[in-house]
Amino acid sequence: MTSSTLSDSIDILHVSKHYAQQGGTPLAVLDDISLRVRAGEFVSVLGSSGCGKSTLLRLIAGLDTDYSGDIVVAGDKVRDTSLERGIVFQDHRLFPWLTASQNILAALRNAPLSAREKREAVAEHIDLVGLKGFENSYPHQLSGGMAQRVAIARGLVNRPRVLLLDEPFGALDALTRGRLQNELQRIWEHERITMILVTHDVDEALYLGDRVVTMAPRPGRIKRIVDVALPRPRERNDPRFIRLRDEVLADFAEHDGARREPRNERAGHDDDEPHDGTRIPVASPPITEWRLAW
Ligand SMILES: Nc1ncnc2c1ncn2[C@@H]1O[C@H](COP(=O)(O)OP(=O)(O)OP(=O)(O)O)[C@@H](O)[C@H]1O
Ligand SMILES: [Mg+2]
């Protein structure tokens, strides 16, 4: 992926984050995270539940500035939110009282555009995510996948140079999920913006990412960075893809190995959702076990 004028690089430099806990010691959530994301790159961040993935995206978005270290986007330290950094949250967070078009339009309220330009931008993004004909539907009239597409359009409509995606397909069935992964890849190739996708799903991370960053939990830190040097569109049955998947899964099996008999994945908070990839087991062993294994 070559760098492009439409995208920004992101430098995460020794970022650590604690949350205050009532009457207790602060909870260390991120520990010394350093990562450089190139302009126009697609990076997947993979980690088990609670390892700090959403927290990291919130810091990059500028939604939370209470951390140590620096986050620098295109040479400027992040101090606040910016229209140049779009975010798609774990749940779609559409306004239920607004139509699909109105939800996208709402994201443009601070954009320096005329009313006509805003209408055109909304129409263009409805088209981009394949929702023509559903402009006037309310969220309750849309399927889960369609609502997520509205959320992606809303994240893109300000023409951000960076798009942060927090498990945007987590709640979708396997077929819809696969379709939206392809759509996201098409948009990324078309728009050439820098994307960071957070996911639990090893297949999804490898299918979409130029690189996959795996995180270890408690506190969240980078465990490994895997280059996915495979041509797109990727073939999930390609032996090279399978080898990479096995490598990444082996990392996670380190902490899970002793507990595989019997498998206890359903203790995880959302592992019962349908999916088409291989999820990282999200059962929570005692903290000491995680510390020893990771
Ligand atoms: N506002 C908050 N106040 C206190 N603790 C928080 C807050 N937000 C998150 N945490 C804690 O920080 C840790 C990381 O949370 P985070 O939401 O970043 O995890 P995650 O990797 O996104 O998990 P998931 O995959 O389940 O979405 C968790 O232990 C969580 O309880
Ligand atoms: Mg999260």
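These legends accompany several close-up views of a predicted model.

**View 1. Helix α1 and its surroundings.** Helix α1 covers residues 53–61 and is mostly covered, with 7 of its 9 residues buried. Follow the helix along and you will meet the buried residues Lys 53, Leu 56, Leu 57, Arg 58, Leu 59, Ile 60 and Ala 61. Just past the end of α1 comes Gly 62, which has a positive phi of about 90°.

**View 2. The shell around ligand 1.** Here you can look at the 13 residues that surround ligand 1. Tyr 19, Ser 49, Lys 53, Ser 54 and Thr 55 are the closest of them. Of these, Lys 53 also belongs to the buried set of α1. Sorted by class, the shell contains 4 nonpolar, 8 polar and 1 charged residues. Helix α1 makes the biggest contribution to this shell, giving 3 residues. Strand β2 (27–37), like α1, supplies at least two residues.

**View 3. Strand β1 beside β2.** Strand β1 takes in residues 10–19 and runs antiparallel to β2, the two being joined by 7 bridges. For a handy landmark, find Lys 17, which stands opposite Leu 30 in β2. Strand β2 is also worth tracing back to the previous view, as it helps to form the shell around ligand 1.

**View 4. Strand β1 beside β4.** Strand β1 also pairs with β4, which spans residues 68–73. These two strands are antiparallel as well, with 5 bridges between them. To get your bearings, start from Ser 16, whose bridge partner in β4 is Ser 68.

Technical notes
Residues are numbered from 1 along each chain as its sequence is written. Chains are lettered from A and ligands numbered from 1 in the order in which they are written. This is a predicted model: local features need pLDDT of at least 70, side-chain atom pairs count only at pLDDT 80 or more; totals for chains, interfaces and linings use all residues. A residue is buried if 20 or more other C-beta atoms lie within 10 Å of its own, exposed if 12 or fewer, and partly exposed in between; C-beta atoms are placed from the backbone. Helices (H or I, at least four residues) and strands (E, at least two) are DSSP runs, numbered from the N terminus. A residue is near a molecule or strand if its C-beta atom, placed from the backbone, lies within 6 Å of it. Ala, Val, Leu, Ile, Met, Phe, Trp, Tyr, Cys and Pro count as nonpolar, Asp, Glu, Lys and Arg as charged, and the others, Gly among them, as polar. Two strands pair if DSSP finds at least two bridges between them.
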